[in-house]
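Let's take a walk through this model together, starting with how the protein copies meet and then moving on to the DNA.

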Protein chains: 2
Amino acid sequence: MKKKERHHLLRQLVQQETIQKQEDFVEILLNRGIDITQATISRDIKEMQLIKVPSQSGGYHYSLPPEMNFNISKKISRLMKDAFVSIDTQKEFVIIKTLPGNAFALGTLIETANYEEMFGCISGDNSVLIICRSEDQAEIFQRRMISFV
Amino acid sequence: MKKKERHHLLRQLVQQETIQKQEDFVEILLNRGIDITQATISRDIKEMQLIKVPSQSGGYHYSLPPEMNFNISKKISRLMKDAFVSIDTQKEFVIIKTLPGNAFALGTLIETANYEEMFGCISGDNSVLIICRSEDQAEIFQRRMISFV
DNA sequence: GCTGAATAAAAATTCAAT
DNA sequence: ATTGAATTTTTATTCAGC
């Protein structure tokens, strides 16, 4: 496996899984039959400018470079401005209504952004349902979304 | 000195100086007569969610949390959309013209954002002069600014 | 150039004290 | 609740091999 491919994979992993330390990368890659050491991951992280973020939930996790996240946020912001209809919470759930045909795109972006307070996210044609980690977190998430509009 | 004050100070420092490691914080605080250990800085960083960013220039430096930077970027974006007139480069210099009275605010924001490629920044009434680290970096900075508009 | 093994360096945590 | 000293854990780098 070439370095470029690995970087690509790391980029995916960091969005899908919660990577708390470099050894997590090593293990996941090992499970996939890719044999690589922490030293290499450290170098990859430096090159890709991944960052280790102290998370609200107490631990740490690796994340995409701030710039990239900024770009994702910009996209969300644009889409929210264009297609947002309404938002509401109930318990730990948040539902965002959009103009028809826009929810899926929004859901994908939200998943990519991988917000702390989010547990899961599914989207249909004109609504995105976000399941948060708690009732409080749902509030926080709602505020976050509103701030985009 | 209370923890809150220290956090406030760290927030300033991280924007003004280039902090490469936690010991840098310790030293700077010591110079100011504040006696604190790396352990405490580590805890502060966790609470404040400061991140260690692999910088383009090869090293690492601590930075404000992505969200905060995002907010700054949003402000810059808004101001650029409102008050931007023109931008040009010459050697390692970039000059941004704004509507009268807006340059100072823009300059302040740009300084806060503390971009890699920037060496220094001064602003008057309707123009901001940014001195970059090289001719190439000036190009990069120019593109960055244009992308806000 | 890229990598792993070993090591150094840096950062996080534990533990005890306040 | 906050901290420093000591320690552990994690991360970065060096060095040798390819």
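What follows goes from the protein interface to one DNA strand and then to the other.

A bit of housekeeping first: residues are numbered from 1 along each chain as its sequence is written, while chains are lettered from A and ligands numbered from 1 in the order in which they are written. This is a predicted model, so to speak of local features we need pLDDT of at least 70, side-chain atom pairs count only at pLDDT 80 or more, and totals for chains, interfaces and linings use all residues; side-chain values use heavy atoms, with hydrogens and water left out.

Start with the two protein chains. Chain B can be laid on chain A with an RMSD of 0.1 Å, using a turn of 179° and a shift of 0.0 Å along the axis (a least-squares fit on the C-alpha atoms of residues with pLDDT of at least 70 in both). The two copies are thus related as by a two-fold rotation axis. They also use the same surface, since 100% of the contact residues of chain B recur in chain A.

How many residues does that contact involve? There are 21 residues of chain B in contact with 21 residues of chain A, where contact means heavy atoms within 4.5 Å. The area buried between chain B and chain A comes to about 1,600 Å², with carbon and sulfur atoms giving 56% of it; buried area here is the accessible area (1.4 Å probe) that two parts lose on being put together, summed over both. On the chain B side, K46(B), P54(B) and F70(B) lose the most area to chain A, together 33% of what that side buries.

As for polar chemistry, the rule finds zero salt bridges across this interface (a side-chain nitrogen of Lys or Arg within 4 Å of a carboxyl oxygen of Asp or Glu). It does find four residue pairs in polar contact, both residues at pLDDT 80 or more; a polar contact is a pair of N or O atoms within 3.5 Å, and within protein one must be able to donate a hydrogen and the other to accept it, with residues adjacent in sequence counting only if both atoms are side-chain atoms. Helix 3 (38-48), strand 1 (51-54) and helix 4 (66-83) of chain B each supply at least two residues of the side that touches chain A. Helices (H or I, at least four residues) and strands (E, at least two) are DSSP runs, numbered from the N terminus. Helix 4 of chain B has the largest share of that side, five residues.

Now for DNA strand C. It is surrounded by 18 residues, the closest being R6(A), T40(A), Q22(B), Q38(B) and Y62(B); near means a heavy atom within 4 Å. In the side chain of T40(A), an N or O atom is 2.3 Å from a phosphate oxygen of the strand, and a polar side-chain atom of Q22(B) lies 2.5 Å from a phosphate oxygen. R43(B) goes to a base: a side-chain N or O atom there is 3.1 Å from a base oxygen. Helix 3 of chain B gives the most to this surface, with five residues.

Over at DNA strand D, 18 residues surround the strand, and the closest are Q22(A), Q38(A), Y62(A), R6(B) and T40(B). Sugar and phosphate account for 66% of the strand atoms that come within 4 Å of the protein. A side-chain N or O atom of K21(A) is 2.9 Å from a phosphate oxygen, whereas in Q38(A) such an atom is 2.9 Å from a base nitrogen. Here helix 3 of chain A gives the most, with five residues.
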